[in-house]
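Trainee: I have a model open on my screen and would like to take a close look at how some of its helices pack. Could you walk me through one part slowly?

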2 protein chains.
Amino acid sequence: MKKLILLALCASTAAVAAPATPEALRDAALKDDVAWEITEGLTTEVGPRLAGTEAEARARAWSAKKLKALGFSNVRIETCDMPVWRRGAESGEIIAPFPARLALTALGNSAATPAGGLEAEIVYFPTLADLEAAKDGSLKGKIAFVSHAMRPTQDGSSYGPFGQARRIGPNIAAQKGATAIVIRSIGTDHHRNPHAGNTAFAAGVTPIPAAALSIPDAENLERILARGKPVRMKLLLTPTFDARGQSGNVIAEVPGSDPKAGIIVIGGHLDSWDLGTGAIDDATGVAITAAAAKRIMAAGQPRRTIRVVWFGAEEVAGCGGPSYYERHKAERHVLTAESDFGADRIWSVTAKLGAGAKPVEARLSSVLAPLGIAFEAGEAHGGADISPLVEAGVPVIDLHQDGTRYFDLHHTPDDTLDKVDPEALRQNVAAWTAMLAIAANAAEDFGRVE
Amino acid sequence: MKKLILLALCASTAAVAAPATPEALRDAALKDDVAWEITEGLTTEVGPRLAGTEAEARARAWSAKKLKALGFSNVRIETCDMPVWRRGAESGEIIAPFPARLALTALGNSAATPAGGLEAEIVYFPTLADLEAAKDGSLKGKIAFVSHAMRPTQDGSSYGPFGQARRIGPNIAAQKGATAIVIRSIGTDHHRNPHAGNTAFAAGVTPIPAAALSIPDAENLERILARGKPVRMKLLLTPTFDARGQSGNVIAEVPGSDPKAGIIVIGGHLDSWDLGTGAIDDATGVAITAAAAKRIMAAGQPRRTIRVVWFGAEEVAGCGGPSYYERHKAERHVLTAESDFGADRIWSVTAKLGAGAKPVEARLSSVLAPLGIAFEAGEAHGGADISPLVEAGVPVIDLHQDGTRYFDLHHTPDDTLDKVDPEALRQNVAAWTAMLAIAANAAEDFGRVE
């Protein structure tokens, strides 16, 4: 008996020293090519994949084929129905006092202008608060122009408050009687590429045409306005709505050895805005998470099932995340994490785990530190796709990419493969692999969190 | 008598020590706002100003008014007639094997496609030499795609050889029977903004549609081609020609005290490509040279006349430079210099002066060194507008801007005011002011050069 125990201990010791330690898996992942292969393939062979469109359906088919080829189990597509907003023609120009063609793009859920466009005087609001302060009816027959002073932040936190100009600005302008609204793109670059993105109109508010100007165009318009003469603009947007669209999630698994240990759900979103090829938003997210899961799979069966979900319709707040939750909420989800912030190097990690999982945090801290990643005390929140899980109390880990340059590219035509640094991408895969190696095999229970 | 000589010497010494020394003028110019004011005004109030168009005429009117307001003498517009190429609609997409919309722009002198566009298979040439090696007739019914490997250089020298893909590639493709040609934009950035620019078809060669793809689109196309399947492209370009256009030069002077000492001609070009607002190409060039001349004017009448010329139609090899030369060749031009390489910091100076002007080079070297500018032994060439003067033997000085990032923006929609660094612009004005302070007052004759 003693001998047997000793043998078991030796085997266990041998396993710890073998290449399959989280540290060894982490270091091997620094040579990963799978994440690049997925990112390159998805951006080149599918390209833009707007939620609910035929392009997104092609992306699902491409993804299921790819995940099967990578050796995942239970690869499947789960579709869901949703209305689709599609971009049409779009153009704009300053008519007076100085003619200038504008680089702009319609915001998601924008109404269309008349087929021949519309022309109106611009009313300038330096901030969203200025628009909010405008008198009801004061914008009648006018185009509101809302600017802002968003600057880059490493953690992306400036997107929250400044992004409100896009998220709620159009609804406010519509309520105050504006004919249309243009905003300074929610971004931090200086290129003639406008930033797309969703807006929403409240029930009972009639949507108006809403567009984002590229930042150089917005700054030029501000200089024109500073001359003090009335500024007239022409705007043409012809987006369409289709009530009958379909999105969906692509799911793949690394089955765990212990069904009672539950499921770890990781992933990113498969859909993208239509102007670029969705490289950093979010081909890299689906690529990083799948590449890391594949490394765990290759190292031997983990204790917990790792479920990789490539969500549909994230960009338009569509049916992907909610339909996953509705369909799977009865299953035992024990942990979740999402990659949806580009592929620059991960610089910090936060976790929201049950009290019994403190030792897991310590091990994560130790294995991630050599990658330049600091374990921080702040809360973890997850991404939009997994928020129904997080809200339901599923523990969550956030691996935070450096977002300093993320909003230079976010939702623009410039979100293309050449913006992905292969070495930074590998650092992401290494961090995810190390995290999964610990989480999928931890003896501790992650608990529930509120 | 001795007393008088002494007084004269004292006066002369006093003059040297006074604020009007080249060194003092140089240092004062580091606080210049005039160049910014011109650059900001021209890009905001006029914007794009394609040669031969109504926009270029507006630019001339704006410029004459501005130069008068700045206090220059003999401000005038000298027009010249030329045919005009105007951009029309433009779009392109990969049809198969993977659908992809392309960011592209027609090259100057491109022919139009049929009104509904054309569709054809792509034949890939990694370099211009590969296109040159293609058999005659082998491109019949095909679209040639020519790439290149241009990389940034501080002196801009990579533009010469790599730019040939744009300058002569379309003519070669047309001669070999191609239906159309697309090239990788001649540039060094990674944005979805194609680089416009002129091409030329030889007499007897029927022009074909010719466009530049943005660099991310060209790289994506290369990845698609690397899959080994036939690649089909749709291309729509509807540019037009108009035989009856008008361009012209805007001329302003700082009259010299000694008519026999001749005229120094400086300037840049007023026209721009139509996609951006022509900020670095070449609003800054006209701004820098005028701001420097104004500083000389304000410091007291120089010995030589400084003639500031804002040339028309440089970008399209039009009538501005040649018509200036034809009209003024009988005048005594003693020196010329042009600013047409953006507004990053000047890092070197070269001069081609007669042998008797060696002391001038020494003084230039001394006054420019504190600005970080090295006097180099290489030849000076001048810009395109002043090349008829230089070819006729007029001495020339080149103040070389750092061009490392110039071809990121050159001829793109991104050539806008926000790309101009006000501090670097001031360094340019300081260098030009110091150069003019020496050249306009030098006792030496600059001679003639071959």
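At what angle do helix α12 (residues 358-368) of chain A and helix α15 (residues 422-439) of chain A pack, and how far apart are their axes?

Mentor: Happy to, and please keep in mind that this is a predicted model. Two packed helices are described by the angle between their axes and the distance between the axes. For your pair, α12(A) and α15(A), the angle is about 150° and the axes are 10 Å apart. Angles over 145 degrees count as roughly antiparallel, and α12(A) and α15(A) are therefore roughly antiparallel to each other. The crossing of α12(A) past α15(A) is right-handed.

Now turn to the side chains. On the α12(A) side, the contact is made by Val360(A), Arg363(A), Leu364(A), Val367(A) and Leu368(A). Facing them from α15(A) are Ala431(A), Ala434(A), Met435(A) and Ile438(A). Sorted by character, the residues of this contact comprise eight nonpolar and one charged, with no polar residue.

Helix α15(A) has another partner to look at, α3(A), which spans residues 34-46. The axes of α3(A) and α15(A) are 9 Å apart and their angle is about 120°. That makes α3(A) oblique to α15(A). Here, too, the crossing is right-handed. From α3(A), Ala35(A), Trp36(A) and Thr39(A) take part, and from α15(A) they meet Pro422(A), Leu425(A) and Val429(A). This contact holds five nonpolar residues, one polar and no charged.

From α3(A) you can step on to helix α4(A), residues 54-69. The axes of α3(A) and α4(A) come within 10 Å and cross at roughly 145°, and α3(A) passes α4(A) in a right-handed crossing. The α3(A) residues in this contact are Glu37(A), Ile38(A), Gly41(A), Leu42(A), Glu45(A) and Val46(A). Those of α4(A) are Ala55(A), Arg58(A), Ala59(A), Trp62(A), Ser63(A) and Lys66(A). By character they divide into six nonpolar, two polar and four charged.

While you have chain A in view, find the peptide bond between Ala96(A) and Pro97(A): the bond is cis, with omega at about 5°. Pro97(A) sits in the loop between β2 (90-96) and β3 (100-102) of chain A.

Next, bring in the other copy. Chain A can be laid on chain B by a turn of 180° and a shift of 0.0 Å along the axis, with an RMSD of 0.0 Å. The two copies are thus related as by a two-fold rotation axis. The same surface serves both of them, as 100% of the contact residues of chain A recur in chain B.

Chain B has a few details to visit as well. Asp281(B) and Asp282(B) are joined by a cis peptide bond with omega at about 15°, and Asp282(B) is placed in helix α10 of chain B. In strand β1 of chain B you will find Asn74(B), whose phi is near 50°, a positive value in a residue other than glycine.

Finally, aromatic pairs come to 14 over all chains. In one of them, the rings of Trp85(B) and Trp273(B) have their centres 6.4 Å apart and their planes at 75°, so the pair is edge-to-face. This pair links distant parts of the chain, as the two residues are 188 residues apart. Trp85(B) belongs to strand β1 (residues 73-86), whereas Trp273(B) lies in the loop between β11 (263-269) and α10 (279-298) of chain B.

How values were computed
Residues numbered from 1 in each chain as written. Chains lettered and ligands numbered in written order. Predicted model: local features only at pLDDT ≥ 70, side-chain atom pairs only at ≥ 80, totals over all residues. Heavy atoms only, no water. Axes fitted to C-alpha atoms, helices over the stretch in contact; angles between N-to-C directions. Helix = DSSP H or I, 4+ residues; strand = E, 2+ residues; numbered from the N terminus. Left-handed = near helix turned anticlockwise from the far one by under 90°. Contact = heavy atoms within 4.5 Å. Nonpolar A, V, L, I, M, F, W, Y, C, P; charged D, E, K, R; others polar. Least-squares fit on C-alpha atoms with pLDDT ≥ 70 in both. Parallel < 35°, antiparallel > 145°, perpendicular 65-115°, else oblique. Phe/Tyr/Trp six-rings, centres within 6.5 Å; stacked < 30°, edge-to-face > 60°.
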